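Let's take a friendly walk through this model together. Please have the structure open and ready to rotate as you read.

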Protein chains: 2
Amino acid sequence: MHIPCETRKIALLAGVLLPLAFSTSAALAQDKPKEHGDSPAAAYEPSMTTLGQINVEIPGRKPGDPVITPSEFQAASTIYFERCAGCHGVLRKGATGKPLTTDITRGLGYQHLIDFITYGSPAGMPNWGTSGELTDEQVDVMARYLLIEPPSPPEFGMPEMRATWKVVVAPDKRPTKKMNDIDIDNLFSVTLRDAGQIALIDGATYKIHTVIDTGYAVHISRISASGRYLYVIGRDALINMIDLWMDPPATVAQIKVGAEARSVETSKMKGWEDKYAIAGSYWPPQYVIMDGDTLEPQKIVSTRGMIYDTQEFHPEPRVAAIVASHYRPEFIVNVKETGKILLVDYSDIRNLQVTEIEAERFLHDGGFDSSKRYFLTAANARGKIAVIDTKEGSLTALLESGGTTPHPGRGANLAHPTYGPVWATSHLGDETVALIGTDPEGHPDQAWKVVQQLYALGGGSLFVKSHPNSKHLYVDAPLNPEADVSGSIAVFNVDDLTQEEPEYTVLPIVEWAGIAEGQPRVVQGEFNKDGDEIWFSVWNARDLESAIVIIDDKTLELKHVIKDPRLVTPTGKFNVFNTRRDVY
Amino acid sequence: MHIPCETRKIALLAGVLLPLAFSTSAALAQDKPKEHGDSPAAAYEPSMTTLGQINVEIPGRKPGDPVITPSEFQAASTIYFERCAGCHGVLRKGATGKPLTTDITRGLGYQHLIDFITYGSPAGMPNWGTSGELTDEQVDVMARYLLIEPPSPPEFGMPEMRATWKVVVAPDKRPTKKMNDIDIDNLFSVTLRDAGQIALIDGATYKIHTVIDTGYAVHISRISASGRYLYVIGRDALINMIDLWMDPPATVAQIKVGAEARSVETSKMKGWEDKYAIAGSYWPPQYVIMDGDTLEPQKIVSTRGMIYDTQEFHPEPRVAAIVASHYRPEFIVNVKETGKILLVDYSDIRNLQVTEIEAERFLHDGGFDSSKRYFLTAANARGKIAVIDTKEGSLTALLESGGTTPHPGRGANLAHPTYGPVWATSHLGDETVALIGTDPEGHPDQAWKVVQQLYALGGGSLFVKSHPNSKHLYVDAPLNPEADVSGSIAVFNVDDLTQEEPEYTVLPIVEWAGIAEGQPRVVQGEFNKDGDEIWFSVWNARDLESAIVIIDDKTLELKHVIKDPRLVTPTGKFNVFNTRRDVY
């Protein structure tokens, strides 16, 4: 099977060629306020609204701005924050997604925005309209919202953080031994995106042990070095610290670290286990080092600064992936817009030493090679992979991934039959998967080069996955506008990688889940502890049935489907053992 | 002789008790535009003006703002930048001077501002009106200017810097040996403040070798490690690099590094001599590392970030003093508002390692102890001195200076008869001089403590000075509102420091200079290379006669007065040898 390239081209043309009906929005300016029941006058006055629970001022209307009412502005701000800011930025300056500043949106015009939001693009823009995730009315308000200036969100420093910080159960009130019979190392922490929860699911029985309220759309789960504490961070920058020894596991501390965030990590260096947690924010652009047992914020560091190459000031360099070095007492912090990888030495946070490595713009996510010495991370909008040697603390390589917008997640490590240890990433913007040599000693000619390019289902892929015990590489495509593609998984057999263009097997996950309503997206394979099963989320709209589908890694056959009314919009899943040991 | 404390109290009371005539400025709003010939309408429109040659937008008028015309706004911006921003900040958030944000200035009111600008205060605010430096009309426009929001100055990143960068004489076109007969090591680089020039004056003959056009109000001169190149930086952030081997010495490279700046330094570590220069800016808040032989900008680093203690974001953490370590390939960078001392490792600027030491807010200037291992620097508005061990790269001590607003310049090192090596600083806000023990091995009980407090002429002191070959400590008070005080120098004999409250000798420098017009301020003693003469600037208004007065250090008698029509507003003087070897 090969690539449905036609699908890509057609959808792309649809986005580009649809008529640019009007760009000054005069009709909107006359009609819209009446439809929504607010007086036209109110639409012109600055007003307070909330963005991620923080008050912001609606910026003044400028000549030519389409009219938007305060209630529309508030609703649009919330949708923008929940759906758009992740890729396009709180200040709309773009990153994984394109910039949406008003100079650009007004050039594109209202109708173009409507079409793009409705139909998406195979380069990774979801089809919010046709997928049913936004109503026509919501698409309309978003198009108008994008034609006016964005709200300026407030700072979020130590006073604001401390005001949100809660120790629910103090360290000395927590159990001194594990109080439940959960096999913690084979537990899965599953993001229930739109519910603002995580589910803790048993890796052997598939039973939901408990569901815990968290921030909105938990982006990742991370585990303390000891394996006891689970840290989850919502896109709204709320961190929950969960004690897995409690019966049932429950939140023992909580903090909000900003208006929008993605990353949390814990200190892993020998001697520093469970000592610190760190979280990186999208807004404000900063990271914070916290006590590992209480989340008490200790040190906030702004990332505002110069873009590495042009050396111009950037007001919103967002913090993307953070990993903890296994070789030094350091956190490795990706700063997106400025293209810098920070090595943050946590051994003395009052005299903080940071090495700022010039890498490439739009750093996003990444993971370790199989030796855990090298950190490979995507500069996604630049199509590049930066490689950091965490032992030496330096940039080892910067290479083209060969595709459009690499999005590795943590990536996948394979033992390639020809090239030895390789690390894989798929792409948001096309169907390719890059295999990159990671063995400078055993395979120096292949090290930090794309040794092979695979072709999977289509654009819109978010994650690849494998396991040291598996002979398979799994590739999803959840953001592809085609339901056939977004509902399936491509599986490559590692033994077939000797072929120039290896075939893949298609797993019809949505079909196996038996879900007919909606356009559920199949996302993020995650192995169990033993590496003999892989779990996929079948992520449907909030009011429709979702599922988790479990595949036998040896046979590629369906093993189990988890369905439960509590499984609302499941996305990321994090197996405790694999996550805390960086096994992927 | 002792302190004219009465003077201080009276002037201070005058500032506080003068009637707060009006704070909403209704009368001004009606009258002022007519007086200045601009139409009132124009006063309400945003307009472009220049701030340090950079276009800025006049912010919109708000209800209750006093009217100011665009031309007044422009004139006031220029005056503010030249006279006020140094202490009060481009964004008026305060540092050495008090904050002047509109919430504060509107509380004080127009008349209070008029009085304060006119009469100054002994805490360091100069008497701009009574000294003749500002006219009544200028004082009026400044008071109105301070009642409206400040202009927001633009960024100044690599594109802007490179646009200003000029290599006047390329390195391979420069002489290969010294082409003049100047005794370079005994040359003085003298700031001619309001002329935007420096004079190079011979230390033996007192002859002006040459006058070189520079930026406005050159703040300091620094010398490359080899002694060949002189770097001067204006308050307008223009750096001139002067080749002292040329005949006459002349500018070989030039760059503007921002809108406002104070500090320049050169790499001094063995193996890195003359390799890099660094400059710190007040606006934008950043520093830049440049090639030492061309000033080509290589790396710009923003200092925007969190205040060290409250951990709230500060938009304008200005870079104050920078020194070069003699023990490591590091620049030591004072960041004022956030209270951080940065150790910037220049051995690999593409992978820049910076250690951020939490010290105290409002770091300003400072210098080395006599061993050159320790850097003592004032957190002036907090009344503290931070001590950095440049060999170990850590904070050694943080101590109260015992006075109000310490302003050491580089300070003065003395061999105290009782306490061994001490370092001295005077104060902007009072007449005290603090002597701080700097010998942790020989005098551990006294190390990093104020071992003695001296009482000099009065508040408004900027600089103390001594020399390893001198038995004297000289203390100026140029910003004191009293002409007697600002025109004199106090001299302590080191042998007298055994007394509890040692007396000082008063040198009537202005009288000796024979200048009757104006209120010249005597500022900044600087020794010649041999340490047997000290030079003082007699700094008069721009259109009045100034002078340099040279004193015999042994006898404290007048040795020579340099007068020359070219000596316009002389202030800082930098002896080449003492500056490049950090002898003070």
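In chain B of this predicted model, strands β29(B) and β30(B) make a hairpin, with six residues lying between them. The two strands run antiparallel and are joined by two bridges. To find one of the pairings, start at B:V464, whose bridge partner in β30(B) is B:V475.

Now follow β30(B), residues 472-475, to its other pairing. Strand β31(B), residues 489-493, also runs antiparallel to β30(B), and four bridges link the two. Here B:Y474 stands opposite B:V491 of β31(B).

What about the two faces of β30(B)? In a regular strand the side chains alternate between the two faces of the sheet. On one side of β30(B) are B:H472 and B:Y474, on the other B:L473 and B:V475, and all of them are buried, which leaves both faces of the strand covered.

Chain B offers another sheet to look at. This one is open and has five strands, in the order β3-β10-β9-β8-β7, with antiparallel pairing. Which strands stand at its edges? They are β3 (166-167) and β7 (220-223) of chain B; each has a single partner strand, so one side of each has no neighbour in the sheet. For β3(B), the partner is β10(B), residues 250-256, which runs antiparallel to β3(B) and is joined to it by two bridges. If you would like a pair to display, B:V167 has B:A253 as its bridge partner in β10(B).

From strands, turn to a helix. Helix α6(B) spans residues 110-119 and is mostly covered, with seven of its 10 residues buried. Those buried residues are B:Y110, B:H112, B:L113, B:I114, B:D115, B:I117 and B:T118. An α-helix has 3.6 residues a turn, so residues three or four places apart point the same way. Just after α6(B) comes B:G120, which takes a positive phi of about 70°.

Next, the cysteines. How many disulfides does the structure hold over all chains? The count is zero. Take B:C84 as a case: its closest cysteine sulfur is that of B:C87, and at 9.0 Å the two are too far apart for a bond. The cut-off for a disulfide is a sulfur pair within 2.5 Å. The surroundings of this pair can be compared too: B:C84 counts as buried, at 15% relative accessibility, while B:C87 is partly exposed, with a relative accessible area of 36%.

For a look at chain A, select A:E400, which lies in strand β24(A), residues 394-400. Is A:E400 buried or exposed? Its relative accessibility is 52%, so A:E400 counts as exposed. Leaving aside neighbours within four places in sequence, A:E400 is in contact with A:G383, A:K384 and A:V450. By contrast, A:P440 is 40 residues from A:E400 in sequence, and their C-alpha atoms are 18 Å apart in space.

Finally, zoom out to see how the chains relate. Chain B superposes on chain A by a rotation of 180° with 0.1 Å of shift along the axis, at an RMSD of 0.1 Å. That is the relation of a two-fold axis. Within chain B, the C-alpha nearest the axis belongs to B:V354, at 2.8 Å from it. Of the interface residues of chain B, 100% are also interface residues in chain A, so the copies meet through the same surface.

Methods:
Residues numbered from 1 in each chain as written. Chains lettered and ligands numbered in written order. Predicted model: local features only at pLDDT ≥ 70, side-chain atom pairs only at ≥ 80, totals over all residues. Heavy atoms only, no water. Buried < 20%, exposed > 50% of the residue type's maximum accessible area, 1.4 Å probe, protein only. Pairing = 2+ DSSP bridges. Least-squares fit on C-alpha atoms with pLDDT ≥ 70 in both. Contact = heavy atoms within 4.5 Å.
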